[in-house]
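Let's work through a couple of exercises together. Have a look at the sequence and structure first, then try each task before reading its solution.

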Amino acid sequence: MKYLWIILNILITAHQVFSQAAPAVDENIPYLMTFGGNSSTSWGDDDFCQIFFCVIPSSQKDPVYIRVYDPDTGGELDELKGDFNTTINYSVYGGKSCWSDTSAQSIHPTGNYKSGILLSSRSFGTDLKFDKKWYSFGPFNPSEGEYAEKLGGRVFKIIARGISGDDGNIYKYFLSTSATENVPVEGGNFFTYKYHFRLSDNQNHVCQIYPYVDDKTISIEISNFDWDNDELIRIFSVAKNGLLCDVSGENDWKVKQFPIVSAEKNSSIEIQFTKNQKTQVKNNNVVVAVRNQYGISLPFFVIPIGGVPVYSPKIRMK
Ligand SMILES: [Ca+2]
Ligand SMILES: [Ca+2]
Ligand SMILES: [Ca+2]
Ligand SMILES: [Ca+2]
């Protein structure tokens, strides 16, 4: 039994080290989502802009690629309104302040959110060449990223922005050492301060994301946008066993505050999403952000820092 446990732990650790997709396998989120710049927010994207960062550990010396799956808007996966007429721009930034500029970490893409040095940029419309295919940005030398001591390496930023059109772009990322296939960067990770994603249509599907709570946090405010009629959003942590969030409806935000106890500091908490069991909600796009008591947004790491939280009944809420 003991050995089984050890083997299981090794497997889990190996899986975490070697999965560098955003969304990650363990989040169980099918795709990221960004709508064209002339879309209606009622389709589930509040600002037509998604900002992700990736961490390259200091041990990585060889170049890396940020790969995008289905970068175009058209074909099978993407969400059509009328005709496909949407253009999405992806831009990759490195250099000082690409991450540390507070505008880049804000949940509103305003001010200097394109901080840092622009390393690569490309726009995609409807392009069957890239439908259900990967496009690779790079190669990027890890030294081109911003050094972040507390993250243990260098950080790059990738912004997906809806320039024009009114359709929904479905896509995902992979951090790779190869331009032609997905070869993980050992110890790499993706994170964002505001998660725009597509839920599965499958009613049995459960997905989760993992904001990291630092030691200065005494309360968090969880915001969700355009949840429509799906089922539950719940919070799990060492001290929280499925606390319910207020859920948004059509084209609106719902915000709920939760206190943070000391055992939850410096750990990841889990926000879990479940589907409506009575009515199938299709093509549900949602946006989620978490802010602390100062209004500072907390990062969601696709591979949760410190691992997936496990509720301990001994740690009581005050
Ligand atoms: Ca359209
Ligand atoms: Ca497509
Ligand atoms: Ca797409
Ligand atoms: Ca929605």
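**Exercise 1: the overall build**

Count the helices and strands, then check how compact the protein is.

Solution. The protein has 2 helices and 22 strands, where helices (H or I, at least four residues) and strands (E, at least two) are DSSP runs numbered from the N terminus. This is a predicted model: local features need pLDDT of at least 70, side-chain atom pairs count only at pLDDT 80 or more, and totals for chains, interfaces and linings use all residues. Residues are numbered from 1 along each chain as its sequence is written, while chains are lettered from A and ligands numbered from 1 in the order in which they are written.

Next, compactness. The radius of gyration (taken over C-alpha atoms) is 19 Å, close to the 20 Å that the globule rule gives for 318 residues, so the protein is as compact as a globular protein of that length. That rule is 2.2 Å times the number of residues to the power 0.38.

**Exercise 2: the two domains**

Find the domains and work out how they touch.

Solution. Start with the domain assignment, which is automatic or from a database: it gives domain 1 (21–193) and domain 2 (206–301). Their C-alpha centres lie 22 Å apart. Now the contact (C-beta atoms, placed from the backbone, within 7 Å): it takes 19 residues from domain 1 and 18 residues from domain 2. On the domain 1 side, strand β11 (residues 189–192) gives the largest share, 3 residues.
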